[in-house]
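Work through the exercises below with the model open. Try each task before you read its solution.

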Amino acid sequence: MVGKIIALRDMDNFSRRSSVYVDPECDKFFEMPLFIAASTTDMTTKCYCWQFSPGKEPALRSFTEIQQLLQQSKKRDVKSILRENSWPINSPIRAQLWPLLCAQHQTKQNMLEGFYWDMVHQVFGTTELSEKPIMLPAFVDPAHCITYHLTRTGRSVADRIVNVLGYDCPDITYSPVLYPITSILLHFMSEEEAYHCLASLVGSKEKVFIKQTKLQHEVTWKTVMQIAKKHTKNAVTYFQRICPGVKLERVFMDWCWWILAGLPFQHLVRIMDCYFHEGIKVLYRIALVIINLFHKECQSNNEWSPDNIKNDIGNALIKFCKKIPVSPSKLLHAAFSIRGLSSTYISRIFMKTEMILKSRSVLNNGGSKQLVKSRSSDNLPTSQSQVNIQMMSHTLTIRELFTLWSWLPVRITMYQPVLLYTTEEHGCSLTTFYVRVEQHEPTLMMIKTCNNEVFGAYCSSRWFERNVKDDKGQRQAYFGTGETFLFSLYPERAKYPWVGIENEKDLGHASELFMAADSKMITIGGGEGQAIWMDENIRFGKTDSCKTFNNPPLCPTGDFEIRVLEVYGFDGA
């Protein structure tokens, strides 16, 4: 649809094929009359909203140009275009652009044609849209089923999509933002396309879009709070001063609803243009701008005076967003002008927050502060796994295996160990090591030296991440998360967890050097020494104290010669 004439023609077509609804709230919602239509053809349902705006569209980049850039892997160029091109809300480009952007994050193999409708039939027994209410899955928050003025048909379609997604992705246990994002997608594409977009976002490995558990949800708002304390320090201090009886946490728990429930739809659509390409970091940036704008308005506008907002600052923020005093373009420009807010920095804050919450969860369930043990006594390796390890392993006895099992993260104890690589069978080559191990997450690395010392590391991330590049196209030197830990089994038994687990202070970059690797070496732990270092021939290594784990050298001499290296994965993890 280009311009007003084609838009009207489309609406005429809808009126002949189905019902056309004029929502009386649309004037308030879009600040212009808006027509919303639902069209059902065969098994494909479309739920549209069109805003008729006068005048010609400005000269903007086309879908074909963006598609070609993505095919050439010029993602940074695409990022710039998405940030700078303010397509009007009634532009037809999003019907093609959004599915294209979401598809680049797809991790599953291409779904067969009709996959979605097969799933619909499995879940509901029919592809016909029921007139009766559909029960929503447990991960949906009923208080935040925002529909953005979809028609009744559109709302039923949104209900059906999230049900099918829950059926296909049983690991989703809590994801309140899924429903609003579904509703937004349905304004611009068919039901089937919306489902495939959501499936790509949920399954993305390289970038984060949608949190899927209560833990991740809590980590996310606490991450936003930590970032805000640094990047909007004056605003946060102001809120703490005028609301001394309100904990800051209560304000930031609803941060995503400032955006999804507060901002006008035209702002939200432009944010989604960038979000579907860059991920959740776009929303972080928008949240910081909202905080700063609200702070300025509080100081100059009586409507937001301390007396008016101090009792419910969270609700005041959402009301402010509904009247936000800047255009979508200015909002995005301000968001992307914030310095020092790289993906690496955000990931570091998120990872640290997640590890603190996970460790507290385990400790609160009876674990020892000195040794965080698995809560499960039942999730032990099966008898067959124990026999296999006894037959194949040159580093582990059953007793040592059980000791290691008690140190693993609780969720990993549900899986069975599988020997991925051993120098006894696969040779002493770092290349072979990567081929056999790099796609597995997590892994357990066992080293036995020529002096019979046995030690190693639980490695939380894939070794393939050594190849991942940052926003500037540079490979990251270190990767991994705070779940990584070191251990020694002989002559002493000891576990050395990440130093950040019991320390909320910023310990500096040296405390977060978990894993590093290239074609010449492997390193685990860093900062004034490397806890474990091995050469490319997997023959010689060294061990030192390091700041990441606050460990002593794992063998008395520091330097060691490797007799056996074994790496275990976890079947199904």
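## Exercises on rings, helices and backbone

Both Phe252 and Trp258 are buried. They belong to a predicted model, and the exercises start from their rings.

**Exercise 1. Classify the ring pair of Phe252 and Trp258.**

Step 1. The ring centres of Phe252 and Trp258 lie 5.8 Å apart. The cut-off for a pair is 6.5 Å, so the two rings form an aromatic pair.

Step 2. The planes of Phe252 and Trp258 stand at 55°. Stacked needs under 30 degrees and edge-to-face over 60. The pair is therefore tilted.

**Exercise 2. Classify the pair of Phe209 and Tyr275, then place it in the fold.**

Step 1. The structure holds 23 aromatic pairs. In one of them, Phe209 and Tyr275 are 5.6 Å apart, centre to centre.

Step 2. The angle between the planes of Phe209 and Tyr275 is 85°. Angles over 60 degrees count as edge-to-face, so this pair is edge-to-face.

Step 3. Locate the partners. Phe209 lies in the loop between α9 (191-203) and α10 (214-231), and Tyr275 in helix α14 (residues 265-278). The pair therefore ties together parts that are 66 residues apart in sequence.

Step 4. Check the surroundings. Phe209 and Tyr275 are both buried. They belong to one aromatic cluster with Trp98, Phe188 and Phe276.

**Exercise 3. Find which rings have the charged ends of Arg83 and Lys214 over them.**

Step 1. Start with Arg83. Its charged end sits over the ring of Phe336, 3.7 Å from the centre.

Step 2. Turn to Lys214. Its charged end sits over the ring of Tyr174, 5.4 Å from the centre.

**Exercise 4. Describe how helix α6 packs on helix α7.**

Step 1. Take the geometry. α6 (residues 115-124) and α7 (residues 152-168) have axes 10 Å apart and cross at about 90°.

Step 2. Name the arrangement. Roughly perpendicular covers 65 to 115 degrees, and α6 and α7 are therefore roughly perpendicular to each other.

Step 3. List the residues in contact. α6 brings Phe115, Tyr116, Trp117, Met119, Val120, Gln122, Val123 and Phe124. α7 brings Arg160, Ile161, Asn163, Val164, Tyr167 and Asp168.

Step 4. Sort them by class. The contact has 10 nonpolar, 2 polar and 2 charged residues.

**Exercise 5. Is Gln67 buried, partly exposed or exposed?**

Step 1. Gln67 is in helix α3 (residues 63-71).

Step 2. Its relative accessible area is 27%. Buried needs under 20%, exposed over 50%, so Gln67 is partly exposed.

Step 3. Add a spatial reference. The C-alpha atoms of Gln67 and Leu101 are 9.0 Å apart, with their positions 34 residues apart along the chain.

**Exercise 6. Pick out the unusual backbone geometry at Pro442, Pro491, Ser73 and Glu528.**

Step 1. Recall the background. Most residues other than glycine have a negative phi, and most peptide bonds are trans.

Step 2. Check omega. Glu441 and Pro442 are joined by a cis peptide bond, with omega about -5°. Pro442 lies in the loop between α23 (430-437) and β5 (443-449). Tyr490 and Pro491 are also joined by a cis bond, with omega about 10°. Pro491 lies in the loop between β7 (485-490) and β8 (494-496).

Step 3. Check phi. Ser73 has a positive phi of about 60°. Ser73 sits in the loop between α3 and α4 (75-84) and is exposed, at 57% relative accessibility. Glu528 has a positive phi of about 60° too. Its loop runs between β10 (521-524) and β11 (532-535), and Glu528 is exposed at 70%.

Key
Residues are numbered from 1 along each chain as its sequence is written. This is a predicted model: local features need pLDDT of at least 70, side-chain atom pairs count only at pLDDT 80 or more; totals for chains, interfaces and linings use all residues. Side-chain values use heavy atoms; hydrogens and water are left out. Rings of Phe, Tyr and Trp (its six-membered ring) pair if their centres lie within 6.5 Å; planes under 30 degrees apart count as stacked, over 60 as edge-to-face and the rest as tilted. Helices (H or I, at least four residues) and strands (E, at least two) are DSSP runs, numbered from the N terminus. Buried means under 20% relative accessible area, exposed over 50%, partly exposed in between (1.4 Å probe, protein chains only). A charge sits over a ring if NZ of Lys or CZ of Arg is within 6 Å of the ring centre and within 35 degrees of the ring normal. Axes are lines fitted to C-alpha atoms, for helices over the stretch in contact, and angles run from 0 to 180 degrees between N-to-C directions. Angles under 35 degrees count as roughly parallel, over 145 as roughly antiparallel, 65 to 115 as roughly perpendicular and the rest as oblique. Contact means heavy atoms within 4.5 Å. Ala, Val, Leu, Ile, Met, Phe, Trp, Tyr, Cys and Pro count as nonpolar, Asp, Glu, Lys and Arg as charged, and the others, Gly among them, as polar.
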